[in-house]
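User: I would like to go through this model by asking, for each label, what value stands behind it. Please set each value against the cut-off where the reasoning needs one.

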Amino acid sequence: MDVQTAYRHILTLTHKETASTDQAVQDSVMRALAESMKFNRGQLTHFNNKSVVIELDESHFGYELPSDYIGLIGDVMYCASLTDNTAQYPLIQQDSDWLNQLRGVDVSYTTDPKRDVGAYAIDDRGERIYVAGPSTGFIKIRYIADLGTITYKHDGTNWVFYHPFTETAITTSSTYTNLWLKDGYDAIVHRACYYLFTRDMGGTEATNNKALVHLTQWDDAMKHLTRETTKKKSLRRIRMWI
């Protein structure tokens with residue numbers, strides 16, 4: 001599935017096929033599609049989680065997070081060596097204001113698993129992680145990744161839509177795709193229809209009822225993804241012991 005397929009499907013589900021060349025309809029559907037992608041990208045699934053290892057340096061306090069970082073999954077783990085997986089301990093989460101006060105301060109820490117090994121905070125924009133305590137070693141992070149989200153803005157005359165991570169314009173006939181438009185396709189389409197029926201096409205009892213139907217279908221799609229995520233996580237754990 002791709003943008004073009006999702007666009008046409010949304011037109012069908014909202015009974016706007018005959019208005020497919022209407023610029024206002026195109027803009028409404030593309031805005032709903034973009035907002036659905038933006039909303040869904042923060043949902044944890046089996047296909048949008050990644051891991052990163054950052055090496056600590058005593059001359060640094062803050063470290064850049066991956067450009068596709070959206071949110072943290074679980075604990076930030078500290079390890080003195082990447083070759084010893086048994087010696088991993090979680091850092092304590094703090095807010096960035098607290099850690100900023102510790103900039104340049106030598107905070108003692110221990111490798112005793114029963115005690116804290118340090119602390120971390122992620123800035124409000126999700127661009128950097130700050131670590132206080134250990135100054136050498138490594139931290140391991142699992143995070144929800146942005147797989148690609150259409151963006152848009154009004155240039156004073158028209159709505160302009162852009163390919164994910166670029167300033168290149170995207171149209172309703174684009175073949176751009178990512179894993180959300182493949183494995184999470186139903187969640188993307190039904191969330192977009194929900195937005196259309198509650199806003200651009202909303203205002204009546206009939207459209208409100210249609211919006212609720214699509215919200216329910218979005219919820220069903222997410223429950224299916226959650227089951228798939230749990231299943232794949234269980235399989236990974238089983239393989240570890242085979």
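Analyst: What follows takes the chain as a whole, then a helix, two residues, the core and a sheet, and the model is a predicted one.

User: What makes up the secondary structure of the protein chain, and how much of the chain is buried?

Analyst: The protein chain has six helices and 10 strands, and buried residues account for 42% of its 242 residues. Its accessible surface is about 13,800 Å², with 49% of that belonging to carbon and sulfur atoms. Of the contacts between residues at least 6 apart in sequence, 72% join residues at least 24 apart.

User: How do you know that the length of helix H2 agrees with what is expected?

Analyst: Helix H2 covers residues 23-40, and at 1.5 Å a residue its 18 residues should span 26 Å; the end C-alpha atoms are 26 Å apart, so the two values agree.

User: Why is H2 described as largely enclosed, and which residue caps its N-terminal end?

Analyst: Of the 18 residues of H2, 14 are buried, and therefore the helix is largely enclosed by the rest of the structure. The N-terminal cap is Asp22, which has a side-chain oxygen 2.8 Å from the backbone nitrogen of Ala24.

User: Why is Asn40 called buried?

Analyst: The cut-off for buried is under 20% relative accessible area, and Asn40 has 0%, so Asn40 is buried. Asn40 belongs to helix H2, and leaving aside neighbours within four places in sequence, its contacts are Trp180, Ala187, Ile188, Arg191, Trp218 and Met222. A polar atom of the Asn40 side chain lies 3.5 Å from the backbone oxygen of Ala187.

User: Is Thr45, in the loop after H2, buried or exposed, and what does it touch?

Analyst: Thr45 lies in the loop between H2 and strand S1, and because its relative accessibility is 1%, Thr45 counts as buried. Not counting residues up to four places away in sequence, Thr45 touches Trp180, Leu225 and Thr229, while a polar atom of its side chain is 3.2 Å from the backbone nitrogen of Phe47.

User: Which residues have the most contacts inside the largest nonpolar core, and which helix gives the most to this core?

Analyst: The largest nonpolar core has 50 residues, and those with the most contacts inside it are Leu33, Ile129, Ile139 and Ile150. Helix H5, residues 185-198, gives the most to this core, with nine residues. With neighbours within four places in sequence left aside, the contacts of Ile139 include Val52, Ile54, Val76, Tyr78, Leu91 and Ile129.

User: What makes the pairing of the four-strand sheet mixed?

Analyst: The sheet is open, with the order S2-S7-S6-S5 and mixed pairing, and two of its pairs show both senses. Strands S5 and S6 pair in the parallel sense over two bridges, whereas S6 and S7 pair in the antiparallel sense over four bridges. In the parallel pair, Ile92 has Ala119 in S6 as its bridge partner; in the antiparallel pair, Tyr120 stands opposite Val131 and Ala121 has Tyr130 as its bridge partner.

User: Why are S2 and S5 called edge strands, and what joins S6 to S7?

Analyst: S2 and S5 are the edge strands, as each pairs on one side only. S6 and S7 form a hairpin with five residues between them, and Gly126 in the turn has a positive phi of about 65°.

Terms used
Residues numbered from 1 in each chain as written. Predicted model: local features only at pLDDT ≥ 70, side-chain atom pairs only at ≥ 80, totals over all residues. Heavy atoms only, no water. Buried < 20%, exposed > 50% of the residue type's maximum accessible area, 1.4 Å probe, protein only. Contact = heavy atoms within 4.5 Å. Areas by Shrake-Rupley, 256 points an atom, 1.4 Å probe, with all protein chains shown as cover. Expected span 1.5 Å × (residues − 1). Polar contact = N/O pair within 3.5 Å; in protein donor to acceptor, adjacent residues only side chain to side chain. Core = buried A, V, L, I, M, F, W, Y, C linked by side-chain atoms within 4.5 Å. Pairing = 2+ DSSP bridges.
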